[in-house]
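Student: I should like a close look at one loop residue of this model, taken together with the parts of the structure to which it leads. Please describe its setting in a single connected account.

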Amino acid sequence: MTVHRGLIVGVDTGGTFTDLVLHDGRRVVTHKTPSTPDDFSRGILRGIGELLEQARDAGRDFTLVHSSTVATNALLERKGARTALITTEGFEDVLELARQTRPALYDLAASREPVLVPRSLRFGVPERVTAEGKVLRALDLRAVDAVCERLAKRGIESLAVCLLFSFLRPAHERMIARRARRLGIAISLSSEVLPEFREYERTSTTVINAYVQPVMVRYLGRLSSAARKLGMKGLRVVHSGGGALSRRAATER
């Protein structure tokens with residue numbers, strides 16, 4: 001476990017208010033300020049400045065430990081990145097088929113929320129890995145290049161890659177990532193995000209990661225740049241399990 005020394009500022013934002021706490025090993029100072037939903041970093045920065053003044057610690061270096069619902073809000077409000085999906089040929093619709101557990105299993109007219117990646121942005125490429133992790137069909141790199149050319153013309157900001165049984169043999173996903181890197185977009189591989197069996201769960205989780213990743217990159221970039229001017233020397237981001245991640249890890253996962 002990492003032991004933080006010196007001045008620590010904790011921030012929780014995402015609702016009506018942004019809550020802040022300062023701790024230096026002796027004192028605990030709290031502060032509350034209105035959130036700024038159009039750009040949560042504005043409210044955070046204002047709150048940090050006010051908290052440091054209140055604690056008479058303005059100008060001191062501090063570590064920022066940050067918890068937010070920025071990624072959650074982007075998902076719930078459908079304000080994430082324009083995302084595409086590359087999968088094994090024939091499995092383009094796993095994202096919509098989902099699993100059999102549905103509120104109205106036999107309702108033929110049941111309405112459903114649209115998936116995060118529309119059918120026009122889901123692409124299948126020829127390749128196949130067996131349930132034992134053996135390559136049954138090698139990845140068709142020409143097909144991958146053709147998909148990348150189509151993505152370049154569609155304003156894609158992020159790409160999710162989820163191939164069949166890639167958690168056993170991730171080589172094909174990594175090959176796609178290398179070819180797609182020239183597009184200059186965020187790339188999420190299922191073999192890294194959720195290397196587990198069950199196609200729908202792995203696909204949907206990877207797509208969500210890709211959908212919110214550019215949002216988090218931009219948000220944490222703005223926050224870090226401005227917070228350094230207030231004295232921030234380190235940033236940790238709280239994740240849903242209660243631990244903390246580095247800025248880089250938080251933007252990748």
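Tutor: In this predicted model, arginine 78 has a relative accessible area of 37%, a value between the 20% and 50% limits, and therefore counts as partly exposed. Arginine 78 belongs to the loop that joins helix H2 (70-76) to strand E5. Its backbone deserves attention, since phi of arginine 78 is near 55 degrees, a positive value in a residue other than glycine. Most residues other than glycine have a negative phi. Alanine 98 offers a second case, with a positive phi of about 55 degrees although it is not a glycine. Alanine 98 lies in the loop between helix H3 (94-97) and strand E6 (122-125), and its relative accessibility of 27% makes it partly exposed as well.

The two elements that flank the loop of arginine 78 lead to two separate spaces. On one side, H2 is among the elements that each supply at least two residues to the lining of the largest pocket, the others being strand E4 (62-68), H7, strand E11 (232-238) and helix H8 (247-252). This pocket encloses about 590 Å³. Of its 23 lining residues, Ala71, Thr72, Val212, Ser240 and Arg253 lie nearest the centre. The lining comprises 11 nonpolar, 10 polar and 2 charged residues, and H7 gives the most to it, with 6 residues.

On the other side of the loop, strand E5 (83-88) and H7 each contribute at least two residues to the lining of the largest cavity. A search of the whole structure finds 1 cavity of 30 Å³ or more, and the volume of the largest is about 40 Å³. Leu85, Thr87, Phe91, Val94, Cys162, Glu199 and Thr203 line this cavity; by class they are 4 nonpolar, 2 polar and 1 charged.

H7 therefore joins the account at both the pocket and the cavity, as its lining residues place it at each. Helix H7 (residues 199-228) also gives 10 residues to the largest nonpolar core, the most of any contributor. In that core of 57 residues, Val9, Ile48, Leu64 and Val125 touch the most other members. In soluble globular proteins, nonpolar side chains tend to be buried together.

Valine 9 shows how distant parts of the chain meet in this core. Beyond its neighbours within four places in sequence, valine 9 is in contact with Val21, Leu22, Ile48, Leu51, Leu52, Phe62, Thr63, Leu64 and Val65. Phe62, Thr63, Leu64 and Val65 fall within E4, one of the pocket-lining strands, while Val21 and Leu22 belong to strand E2 (residues 17-23).

E2 pairs with E3 in the antiparallel sense over 7 bridges; within this pairing, aspartate 19 has lysine 32 of E3 as its bridge partner. The two strands form a hairpin with 4 residues between them, and glycine 25 in the turn has a positive phi of about 95 degrees. Along strand E3 (residues 28-34) the side chains alternate: Val29, His31 and Thr33 are buried and point to one face, whereas Val28, Thr30, Lys32 and Pro34 point to the other and are not buried.

Note on methods:
Residues numbered from 1 in each chain as written. Predicted model: local features only at pLDDT ≥ 70, side-chain atom pairs only at ≥ 80, totals over all residues. Heavy atoms only, no water. Core = buried A, V, L, I, M, F, W, Y, C linked by side-chain atoms within 4.5 Å. Buried < 20%, exposed > 50% of the residue type's maximum accessible area, 1.4 Å probe, protein only. Contact = heavy atoms within 4.5 Å. 1 Å grid on protein atoms, 1.4 Å probe; cavity = no way out; pocket = protein on both sides within 12 Å on 5 of 7 lines; lining within 4 Å. Points joined across faces, edges and corners; volume = space filled by probe spheres on them. Nonpolar A, V, L, I, M, F, W, Y, C, P; charged D, E, K, R; others polar. Pairing = 2+ DSSP bridges.
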